[in-house]
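Open the model in your viewer and keep the sequence panel beside it. The stops below are given in the order in which to select them.

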Amino acid sequence: MASRLFGTGNTANCKYFNIRLDQSTLVLRGNEEEASSVLLKGTLVLCLAEPLKVQNVRLRFTGERRVGCGGQKKDDQFLRKYWSFEPPGLSRGGTLAADNYEWHFDYVLPGSTPESVEGLDDSWIVYRMKATIDRGILAQNIITRKHIRVVRTLDTAALELFHEMRVDNTWHDKIDYTLSTPTKGVIFGTTVDVNFRIASLLKGLKIGEVNTSLVETQDIWIDPKYPERKKGTFSRPVAEDKFDFPQDQETELVDGHDAWVFSRRLTLPKSLRQCLQTVDTMGIQTKHSLNFHVNLINPDEHVSKLTASLPVQIYISPALLMAEDNTISTDHLGGVNSGAFAVGAPPQYGQHRSDLLYSDLDPAGYVTPAGNLSGFNTPYNSQSRRGSSDNLAALALASTTASFTPIALQSRLNNLDNATSADRTSSHAPNSSSSENPSATLSRQVSDESTDPCSPQHFEYSPKQMNKVPSYSTALRSQHQTPINEVPPIYQPFER
């Protein structure tokens, strides 16, 4: 709701009076026990063209609840916060000079704050701000208001975003079926996909009309402290899809059985007047479920009906928030499904992509095994200074065929100490292989490391050569192999 200005008399001197919020929609992630607090922050702005008599400037933030059912109504305020601002430069007579004024305010809402519930005729939870310029006796106050929405959405790690909802069952001597939806969480105003798998156990059985509907159930309590005193229950269909199954559709082989496999998509309403989010707070509870009705035409032409239901949770996504008229617009997005706005949620299992090289890198010169597939060897010409030395295949085989005993670990430690002592002695000897081919040295080095992958290596290096560092892109595309004797030394153990 846009800010509105009220008042008469000398209010023409007030050119602008408004509540500016950093965010008019506050998002709580998770349920009331897990959600973090959120900051309400803004500025109260006043612009005067001429001096104005003012006694006080105050701001009020309230949370209001109404529950009504069966002719009974109950109103209360569960949240109140007040600010009082002393205008700077206020004269003794209470006159505020012509100027621009700003007053900053903030308030921390705890994670347990009830979310906004709007769209019902007799029940709601709303948050409002009201700013007032008190002008004293016989003068009309100047008032402006602001509507605030508190949205509780699913956390990015919520199970509702990842777990498939499905019902599997067998109708004896008739069908074996699976009805499912990708996730339990459905974003308000988007679509939800429904998957069917129906395998016939009766020869000559056919599928007739398939009806899928999203049903909303509302439960109202006048006093939530006494849950047994429920005052009303109301159900309404909010989305429906009717589908005449084509009789010429071929079956597919699924788990060794011929089955009809097909999918349907339900489009959810985009207005809170037609559908609410799933909520349970302060005596207002709404639930949603997908109801399935499948007509089965038997060989003798009589019709049987399959009925099933799946619970779903409709939530408001921070990426698809409401407008002031309690509606959202997805016309520019086309027919999007709920997963398109699951902010922060990683892809589901099976929706991964194969690991490939970056598209802007020239693959020429990259020694990769088996066509860019990961293997046990490091590509020579990519980011590694030298090839991987560990025999990972052998280690993997050893880990699956035998366990490491304390004696085996102690033996490997002794071999490591002996190799360290030998390398420390040989590191001061003249380098007899400095004139050899670097590629031969690399080949022999990899071979030696494959023999004992845990043996440390020591190399001579020149600080002058270390200063010749190419650019990153040049190094990636370079065919030149860094000689083994030019890599920096490893950490030398300190001896007392």
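Start by selecting E216 and R236, which are both buried. The model is a predicted one, so every contact on this tour is computed from predicted positions. The two side chains form a salt bridge, and the closest N and O atoms are 2.9 Å apart. E216 sits in strand β16, residues 206-221, while R236 sits in strand β17, residues 230-244. The bridge thereby links distant parts of the chain, 20 residues apart.

Keep R236 selected and add L214. L214 also belongs to strand β16. Its relative accessible area is 1%, so L214 is buried. From L214 to R236 the C-alpha distance is 8.7 Å, with their positions 22 residues apart in sequence.

**The other salt bridges**

How many salt bridges does a search of the whole structure find? The count is twelve. Next, select R58 and D134, another such pair, whose closest N and O atoms are 3.5 Å apart. R58 lies in strand β6, residues 56-69, and D134 in strand β10, so this bridge ties together parts that are 76 residues apart in sequence. Is R58 buried, partly exposed or exposed? R58 has a relative accessibility of 33% and therefore counts as partly exposed.

Move on to R149 and E118. Their side chains meet in a salt bridge with an N to O distance of 3.6 Å. R149 is in strand β11, residues 142-153, whereas E118 is in the loop between β9 (100-109) and β10. This pair also links distant parts of the chain, with 31 residues separating the two. Both R149 and E118 are buried.

Leave R149 on display and select Y127. Y127 is part of strand β10, which covers residues 124-134. With a relative accessible area of 0%, Y127 is buried. The C-alpha atoms of Y127 and R149 are 6.4 Å apart, and the two residues are 22 apart in sequence.

For the last stop of this group, select E164, R166 and D168. Salt bridges that share partners join these residues into one network.

**Loops**

Which loop holds G119? G119 lies in the loop between β9 and β10. At 13% relative accessibility, G119 counts as buried. Add Q277 to the selection: G119 and Q277 are 158 residues apart in sequence, yet their C-alpha atoms are 10.0 Å apart in space.

Now go to N141, in the loop between β10 and β11. N141 has a relative accessibility of 21% and counts as partly exposed; the cut-off for buried is under 20%. Draw a distance from N141 to V54. These residues are 87 apart along the chain, and 9.1 Å separates their C-alpha atoms.

Two further loop residues are worth a look for their backbone angles. D173 has a phi near 60 degrees, a positive value in a residue other than glycine. D173 is located in the loop between β12 (165-171) and β13 (175-181). E301 likewise has a positive phi without being glycine, here near 75 degrees. The loop that holds E301 runs between β21 (284-297) and β22 (303-315). E301 is exposed, with a relative accessible area of 58%.

**Cysteines**

Select C69 and C275. C69 is buried, with a relative accessible area of 18%. C275 is buried as well, at a relative accessibility of 1%. How many disulfides does a search of the whole structure find? The result is zero.

**A charged patch**

Finish on the surface. Which residues gather there in a patch of negative charge? Select E32, E33, E34 and D280 to see the patch. D280 is in strand β20, residues 279-281. The relative accessibility of D280 is 55%, so D280 counts as exposed.

Notes:
Residues are numbered from 1 along each chain as its sequence is written. This is a predicted model: local features need pLDDT of at least 70, side-chain atom pairs count only at pLDDT 80 or more; totals for chains, interfaces and linings use all residues. Side-chain values use heavy atoms; hydrogens and water are left out. Patches are made of residues with over 30% relative accessible area and no salt bridge: like charges are joined within 9 Å, nonpolar side chains (Val, Leu, Ile, Met, Phe, Trp, Tyr) within 5 Å. Accessible areas come from the Shrake-Rupley method with a 1.4 Å probe; for residues, only the protein chains shown count as cover. A salt bridge is a side-chain nitrogen of Lys or Arg within 4 Å of a carboxyl oxygen of Asp or Glu. Lys and Arg count as positive and Asp and Glu as negative; His and the chain ends are not counted. The place of a charge is taken as NZ of Lys, CZ of Arg, CG of Asp or CD of Glu. Helices (H or I, at least four residues) and strands (E, at least two) are DSSP runs, numbered from the N terminus. Buried means under 20% relative accessible area, exposed over 50%, partly exposed in between (1.4 Å probe, protein chains only). A disulfide is a pair of cysteine sulfur atoms within 2.5 Å.
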